[in-house]
Amino acid sequence: MAIQLSDKPLLEWAGDTLAIALFEEAVELTGELATLDGQFAGILKEVIAEEEFTGKANSTVFTRVSGASPVKKIILVGLGKADNLKLETLRRTAAAVGKVAKKQKSKVLGLSFPLWNNDPTATVQALAEGVQLALYQDIRFKSDPEDKASQVETIEFLGFAGQEAAITKANQIVSGVILARQLVAAPANTVTPITMAETAQQIAQDHGLHLEILEQADCEKLGMGAFLGVAQASDLPPKFIHLTYKPEGTPKRKLGIIGKGLTFDSGGLNIKGAGSGIETMKIDMGGAAATLGAAKAIAQLKPDAEVHFISAVTENMISGHAMHPGDILTASNGKTIEVNNTDAEGRLTLADALVFADKLGLDAIVDLATLTGACVIALGDDIAGLYSPDDALAKQLEQASATSGEKIWRMPMEDKYFEGLKSGIADMKNTGPRPGGSITAALFLKQFVKDTAWAHLDIAGPVWADKDNGYNNTGATGFGVRMLVDWVLETGE
Ligand code: BES
Ligand code: MN
Ligand code: ZN
């Protein structure tokens, strides 16, 4: 699919499907729109009245144009009230148009949208992101060519000639989101620790990043007993991925992004039971997927920040050499952990990844993890939990969340709850009581960061969409990539 930019007037556009975005105040159709409606024999007014279209944000109506018109189909999409236009509304509205165009099998799509905040670059970037995220289809595992038929081929943005750089930027970001979606959507017999390392290798090769893969023996030397404890039941080798993007010269900031990378989470010997969603646990590398997706995007965007992308990748399996519940592991900072539940494995892998990142002398580190069901209970499917002892870093991430439209909500790091993790025999247990389960998980992680500003995002909810979330039908969302990109760009541009 290609996006083109033009300054063609609305009245002269010819092609398969024309999408027009309308504010609530504009559904009366005056001026150019009235003329256009005249060209279509009043069909716009008719469909607006018939379908009671009021221009509410994201609402759409569709109609075919009869006769020998240069335009075959029309999509009207609402933007809400004019004085309330947000960038996120544009992004979502463009996505809504993309979905109608896909359904109507449009090949050539023209988009007529207003300018946001007098900023054509931000407008075009948001539109390009929204429409492409909605049009993306994962057909890798389909054999029927009907599923493979490509749909929209060309999209033309009317009135935005000269904004090529914004399209390039959107494409770079979208390429990272799509990589993350593909990694999350692919099942655990396709995406393994080995293929995750290969994906990192591919990104390094394509975009000139530095890659270090620590094999099991390397991790042993570093004393990563927590990570290796989780990995020990798998027949696949663990891979500790460390990708680095370095700008030219001295970077403004040095940042770390760490992702939980469980390519499958069976629960281990505390195996996930019926109704636990075990069959969906391929998504448990969503943090690592966002990390690699962000790496791909950031390598192309080239901000003035050094960024380290880190993931301790393995599976949580069962076998004769699995961890026993009750085993004591020693992490690479020397802390001992009584594993009272083998299903709380993500925090064990993250412990060693955080210790590793903490030693790199970075200005800030952010981890993303599908860490707890408790966070899904607290915040639902659309919102990630943000935990950080550092108010400035939390603010930066809240800002990046607002810009990207990826929702987060700050949760309390209630130190008192660490009592629930006290162990009679080791320094700590890996799980506490059920209440506040996502808080104790964050408090556990905090034990492994000493010197660096740190934030943790629990993305167990938004990593996957059971229902259409506006940007994609259902399935892997690629959550985190756009927010991370905004965070890095805002702090290092
Ligand atoms: N990967 C899961 C968390 C999860 C749950 C992710 C639902 C996505 C959707 C994690 O490893 C896990 O099993 N957490 C346990 C922790 C418990 C044993 C303290 C949980 O949330 O039940
Ligand atoms: Mn688990
Ligand atoms: Zn897990």
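**Figure 1. Four protein residues coordinate the zinc ion (ligand 3).** Lys-260 donates through NZ, Asp-265 and Asp-284 through OD, and Glu-345 through OE. These donors lie at 2.0 to 2.4 Å. The view comes from a predicted model. Six donor atoms surround the zinc ion (ligand 3), with angles of 79 to 174° among them. The site is octahedral. Along the chain, the zinc donors follow the spacing K-x4-D-x18-D-x60-E.

**Figure 2. Asp-265, Asp-343 and Glu-345 supply the protein donors of the manganese ion (ligand 2).** Asp-265 contributes OD and Glu-345 contributes OE. Asp-343 appears with both O and OD. The distances run from 2.1 to 2.2 Å. The manganese ion (ligand 2) has six donor atoms, and their angles span 71 to 169°, which makes the arrangement irregular. In sequence, the manganese donors are spaced as D-x77-D-x1-E.

**Figure 3. Asp-265 bridges the manganese ion (ligand 2) and the zinc ion (ligand 3).** The two metals are 3.2 Å apart. Asp-265 coordinates both. Glu-345 is listed with OE for the manganese ion (ligand 2) and with OE for the zinc ion (ligand 3).

**Figure 4. Ligand 1 makes polar contacts with Asp-284, Thr-370 and Gly-373.** A polar side-chain atom of Asp-284 is 2.8 Å from a nitrogen atom of ligand 1. Asp-284 is also a zinc donor, through OD. The other two contacts use backbone N or O atoms. Thr-370 places one 3.4 Å from a nitrogen atom of ligand 1. Gly-373 places one 2.7 Å from an oxygen atom of ligand 1. On its own, ligand 1 has 520 Å² of accessible area, and the protein covers 76% of this.

**Figure 5. Ligand 1 occupies the largest pocket.** Its surroundings comprise 16 residues. Lys-272, Asp-284, Asp-343, Glu-345 and Gly-373 are the closest. Among them, Asp-343 and Glu-345 also provide donors to the manganese ion (ligand 2). Asp-284 and Glu-345 do so for the zinc ion (ligand 3). By class, the shell around ligand 1 holds seven charged, five polar and four nonpolar residues.

Note on methods. Residues numbered from 1 in each chain as written. Chains lettered and ligands numbered in written order. Predicted model: local features only at pLDDT ≥ 70, side-chain atom pairs only at ≥ 80, totals over all residues. Heavy atoms only, no water. Near = heavy atom within 4 Å. Polar contact = N/O pair within 3.5 Å; in protein donor to acceptor, adjacent residues only side chain to side chain. Areas by Shrake-Rupley, 256 points an atom, 1.4 Å probe, with all protein chains shown as cover. 1 Å grid on protein atoms, 1.4 Å probe; cavity = no way out; pocket = protein on both sides within 12 Å on 5 of 7 lines; lining within 4 Å. Sits in = over half its atoms within 2 Å of the grid points. Nonpolar A, V, L, I, M, F, W, Y, C, P; charged D, E, K, R; others polar. Donors = N, O, S within 2.8 Å, 3.2 Å for Na, K, Ca; no water. Tetrahedral: all angles 85-135°; square planar, octahedral: opposite > 155°, others 65-115°.
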